[in-house]
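Ready for a few exercises? Have a go at each task yourself before you read the worked solution.

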Amino acid sequence: TKAIIDPSPWNYRHKKALFQNLNITFVTPSIWLQKLQKQSFLKDKPCFVINNGVDLSKFHPIKSDVRRQYGIGNRKMILAVSGGLAVRKGRKYLLDLPKHLNDDEVLVIVGLTPNQLKNLQGYDSHLIPIARTETADGLIGLYSEADVFINPTLEDNFPTTNLEALACGTPIVTFDTGGSGEAVDDKTGIVVPKGDLKALLKATREILSKGKNAYKNNCIERARTHYNKDIQYLKYIELYKSLLSRYNYGK
């Protein structure tokens, strides 16, 4: 039920009073979120960016039979990973895109519920819906075989799916949403305006025309140098150590 009195002003005042008196340091996974923090009443608190990381011992290019398994064949494979096909993850664009694909192109969406799989059967010949993979290798195989990974997210901070795709050598096309575009440079993919389906399709076709091999090594290298989870974890440890030293904690 809807509250008769809006409690948000009261909550804001009390949270502001609480946090402003705390000796607190923030860490965000994206520059976008750091900028938001600098626009809030917490702007005077220190804030560091440490990107998310992925396990590169697992996420790397592998040989897979997913093309045969899912009937993809030799078609150009556009991959999207969408848990539950949520609206905020770009459902509208994922369902519109197949209508504009050529006969040699196919969109594979992985992470769907049983009901969604049932509803999407026969939806479009250029769409292959897949349930959530049972093993990590199943997902890694899809990343590895895909020619391009698309992420038409409408709400996101720093999506890990982008990093997983890079680690598997697959270039990315993403909306300029939150921090999603921060994982991509001009050697590893294309960032397009949020909500622009035509730009999404154009960028996807640009990558398909150049071919995955034009991006693959750069994608793997970017994942290795920027998003190795072991290196990212060490950054947290180094930050903790610097804070302990600065404030003489434990002495």
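**Exercise 1. Decide whether serine 30 is buried or exposed, then say where it sits and what it touches.**

Keep in mind that you're looking at a predicted model.

- Step 1: Serine 30 has a relative accessibility of 0%, and buried means under 20%, so serine 30 counts as buried.
- Step 2: Now place it in the chain: serine 30 is in the loop between β1 (26–28) and α2.
- Step 3: Look for contacts, skipping neighbours within four places in sequence. Serine 30 then touches Val49, Asn51, Asn157, Phe158, Gly179 and Glu182.

**Exercise 2. Work out what kind of aromatic pair tyrosine 12 and phenylalanine 41 form, and what the pair ties together.**

- Step 1: To describe two aromatic rings, you need the distance of the centres and the angle of the planes.
- Step 2: A search of the whole structure turns up 6 aromatic pairs. For tyrosine 12 and phenylalanine 41, the centres are 5.3 Å apart and the planes make an angle of 85°.
- Step 3: Planes over 60 degrees apart count as edge-to-face, and that is the label for this pair.
- Step 4: Find both residues. Tyrosine 12 belongs to helix α1 (residues 8–20), while phenylalanine 41 is in the loop between α2 (31–37) and β2 (47–49), so the pair ties together parts 29 residues apart in sequence.
- Step 5: How covered is tyrosine 12? Its relative accessibility is 44%, so tyrosine 12 counts as partly exposed.

**Exercise 3. Describe strand β6: its side chains, its partner strands and its β-α-β unit.**

- Step 1: Sort the side chains of β6 (residues 148–151). Val148 and Ile150 point one way, Phe149 and Asn151 the other, and all are buried.
- Step 2: Follow Phe149 a bit further: ring pairs link it with Phe59 and Tyr143 into a cluster.
- Step 3: Check one partner. Strand β3 (residues 76–81) pairs with β6 in the parallel sense over 2 bridges, and leucine 79 has phenylalanine 149 as its bridge partner.
- Step 4: Check strand β7 (residues 172–175). It runs parallel to β6 and is joined to it by 3 bridges, with asparagine 151 opposite threonine 174.
- Step 5: Add helix α7 (residues 160–167): together with β6 and β7, it makes a right-handed β-α-β unit.

**Exercise 4. Describe how β4 and β5 pair, and name the helix in their β-α-β unit.**

- Step 1: Strands β4 (residues 105–112) and β5 pair in the parallel sense over 5 bridges. Here isoleucine 109 has proline 129 as its bridge partner.
- Step 2: The helix is α5 (residues 114–120), and the unit is right-handed.
- Step 3: Finally, β5 (residues 127–131) is mostly covered, with 4 of its 5 residues buried.

Terms used: Residues are numbered from 1 along each chain as its sequence is written. This is a predicted model: local features need pLDDT of at least 70, side-chain atom pairs count only at pLDDT 80 or more; totals for chains, interfaces and linings use all residues. Side-chain values use heavy atoms; hydrogens and water are left out. Rings of Phe, Tyr and Trp (its six-membered ring) pair if their centres lie within 6.5 Å; planes under 30 degrees apart count as stacked, over 60 as edge-to-face and the rest as tilted. Buried means under 20% relative accessible area, exposed over 50%, partly exposed in between (1.4 Å probe, protein chains only). Contact means heavy atoms within 4.5 Å. Two strands pair if DSSP finds at least two bridges between them. A crossover is right-handed if, with the strands pointing away from the viewer, the path from the first strand over the helix to the second runs clockwise.
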